[in-house]
Amino acid sequence: MGETPTHEELVRRLERAESALAAMRSGQADIGAMVVRLEAAEERERHLNAVLRAVCNVNQCISEEDDPERLIQGVCENLAGTPGYGCAWIALVDENGGVTATAGSGFDGAFAALAERLRGGQWPRCAREALAAPGVFVTREPAVDCGDCPLVAVDAGRAGLSARLEYQARVYGVLAVSVPALYAEDEEERGLVAELASDIASALYWIEAEQRLRLQAAILSQVQDLVTLTDLEGRIIYVNEAVEKLLKRTADELTGQTIEVYGEDAERGATQREIIERTRTEGEWRGEVVDTASDGAEIVLDFRTWLMRDEGGEPQYLCGVARDISERKRVEQALYQMKWLLEKEQVKDVGAEADYAPAYGDVTELNTEPLIRDSVGQAALREIAGDIVHMLDTSLAIYERNGDYAFGMFVSGWCRLLDLSSRALCHTDDNREALDCGRWLCHENCWNDSAKAAMNVGEPTDIECVGGIRLYAVPIRAGDEIVGAINIGYGNPPTDAAEVARLAEEFHVNPEELADEALAYRPRPPFIVNLAKRRLRSAAKLIGEIVERKRAENTLRESEERFRELFNNMSSGVAIYEVMGDGEDFVFKDLNPAGARIGQVRREDAIGRSVLDVFPGARQMGVFDVFRRVYRSGKPEVHPTSFYEDERVAHWVENYVYKLPSGEIVAVYDDVTKRKQAEEALGDRQTELEQIFEAIPDAIVYADPERRITKVNAAFTRLYGYEPEGVLGKKTRMLYVADEAFGERDACATTRMRATCATCMRSDTARRTERSFLARPLVRRCEMPVTTSSA
């Protein structure tokens, strides 16, 4: 089978043709024969160039197309579109030989008939031969060899070349092209067709492989199991969609990172590094692992991994498939908890345990700052604490901020015995002395080391108890303030003989009795202890909320009492209105005594009635519109002094109106009738004084402390000739001829005494006029009148 001629080979052929032409011209060759051969060579070169262009176009089509049907149609169009090939067709088959797709070009519509035959299993001879054996089958005379083929008439005068499309022992179909009969037997021509068939088959193979990969990827993306592929060091190469969803991380975030990014919990499952090492050394691994999602959620997985090798058997990848068993683990834990609760002995009655009172008495009676005790109450504290303490069968205490006991409860014999024994170490009947002596071991440990420490740090504390178990304490917050603490004992009392003996000696208790109490305690599983701790935190929160609410109630009650005293005793009238609709009406909700007195109405007669019923003139007065504006805008307004009148009352009233956060409207108002009458009387008196001022025949001048003229009467203008606008604001010095005269008058004024002086004063005509004047300071107005008489 010939190879495709290279560009260099074509150049050499051209050079040989040029040499032959030169020989012909020099007479060394038969010109006629040479001309024929030269024309044939040129025609051959044109044909090969056309074929090579078609091959290039086909290769480009192969590199760009990923759909089999579009690929074969593009190949046919590229081949038939060049002078090298007249027509081309391709039929694809499945593994059973059935036709799956056909394509053709250059047949002017005649290929449709052949395509129909192919789908019916009627193969032309050229196709049958090509499918039967490798290589290129030549149909030299189609009209003779394939007389019944629908394409014979279209491609008359040309030969046919056909080859099967085969790659890696898989036959994908057949390729058939028409070429000039002259080149049908040419090895190079057949080699080009064979190479074209191989390239097309290779492209179909990879398209099919990519389709399989896409299908596999689609399947992997839909499966619920988590699939991860890594290199041998555990760096992630691929994750499916299930991994992205469960861990809440994208494939782009995970790719390239080691699987340590999944998180781990060595106490509850294998580590990621352990999984990698065991898979590489043992070839596979299976077990549980705890991963962590991006939001911190823990996920328990049943994980299986195996080592993937290449064709040579060398390790290449690590593959892991995991299934989320978090829900199953939760169910198993719940079943275990139910089993423990069912097997647990019947708990003692809470009420009976609450009746236990230690021999030394009730230390809550010594409470000097009973904020928690009084806010929550002993009954509520017993109910809150009882459920928690009976989960663990130990002891519980609630402390005030100063360390005083608000509540205490002992359930287990172990805790009761050690508490009573350590109390006896105080050697006093006085509980206050015992609490302060430092030898009451249980109290010292529970308060100073546990509860007080939690209050100081503002967080729960978890410490070893002096009595061999543990203490868990939670601060109690009322708002932002820590007001106390609650703590509880938990854990199994020690049963080791040496430890029991040590505690018995420290607490001065019988070791056998102590050992019996330790053995009598029924151990609690971890989930019960954790549940009790959560409930203790909830209890601390609940107690704090009750205290805060109680404080708020007390504050509100005190505030209401102060408000009611102010409301009832203030001199101004106050009315509170409920708004109807969008301000269509305003109904009395409350009215203070002053308001009732001013309005001459009884409070009980006003409450629940419209303001327009009680005060019909409110709209005409204008205050009703103020109510509406304040309600709609939320901005307070002052309604100036206005006259109100109805059949019951007539007076002058001032109103200040504002809106409460509750939406109610408040009007604060005063009866200013007397003030209004006084103002009117004062106005009348002022008018009379002004008339007298102007009627006095003597000139009167008012000056301020700086001696600037502030007022003159008509007599002044008549006697001196100055118009008021000519002297107002000017110094009184302008009225005196000599400085000593002004000084004399000034002395009279500065002594703040009434004085009569004679001096020479100047008029606006520059005449000197002898005048006497009376100067008297006006302290209240900070002015000084100067009264002059005529000469």
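In this predicted model, the charged end of lysine 711 sits over the ring of phenylalanine 693, at 4.6 Å from the centre of that ring. A comparable arrangement involves arginine 423, which lies over the face of tryptophan 440 at 5.3 Å from the ring centre.

From charges over rings we can turn to rings beside rings. A search of the whole structure finds 20 aromatic pairs, and one of them is formed by phenylalanine 586 and phenylalanine 624, whose centres are 5.4 Å apart and whose planes make an angle of 80°, an edge-to-face arrangement. This pair links distant parts of the chain, since phenylalanine 586 belongs to strand S17 (residues 585-591) while phenylalanine 624 belongs to helix H25 (residues 623-633), with their positions 38 residues apart in sequence. Phenylalanine 586 and phenylalanine 624 are both buried, and both are members of one aromatic cluster that also contains Tyr577, Phe588, Phe615, Phe627 and Tyr644.

Another buried position is found in helix H17 (residues 441-457), which contains serine 450. Why is serine 450 classed as buried? Its relative accessible area is 0%, and buried means under 20%, so serine 450 falls in that class. Leaving aside residues up to four places away in sequence, serine 450 touches Asn445, Thr461, Ile463, Leu471, Tyr472, Ala473 and Asn487.

The last region to follow is a sheet and the helices that pack on it. This open sheet has five strands in the order S2-S1-S5-S4-S3, and their pairing is antiparallel. At its edges are strand S2 (99-105) and strand S3 (136-139), each of which pairs on one side only. On average, and with direction ignored, neighbouring strands of this sheet are turned by 15° against each other. Within the sheet, strand S1 (residues 88-93) and strand S5 (residues 170-180) run antiparallel and are joined by five bridges, and leucine 92 stands opposite glycine 173 in S5.

Helix H3 (residues 68-80) packs on the sheet, where it touches S1, S2 and S5, and the direction of helix H3 makes about 25° with that of S2. Helix H5 (residues 125-132) likewise packs on the sheet, with contacts to S1, S3, strand S4 (158-167) and S5, and the direction of helix H5 makes about 35° with that of S4. Strands S1 and S5 are thus touched by helix H3 and also by helix H5.

Definitions and conventions
Residues numbered from 1 in each chain as written. Predicted model: local features only at pLDDT ≥ 70, side-chain atom pairs only at ≥ 80, totals over all residues. Heavy atoms only, no water. Pairing = 2+ DSSP bridges. Helix = DSSP H or I, 4+ residues; strand = E, 2+ residues; numbered from the N terminus. Axes fitted to C-alpha atoms, helices over the stretch in contact; angles between N-to-C directions. Contact = heavy atoms within 4.5 Å. Phe/Tyr/Trp six-rings, centres within 6.5 Å; stacked < 30°, edge-to-face > 60°. Buried < 20%, exposed > 50% of the residue type's maximum accessible area, 1.4 Å probe, protein only. Lys NZ or Arg CZ within 6 Å of the ring centre and 35° of its normal.
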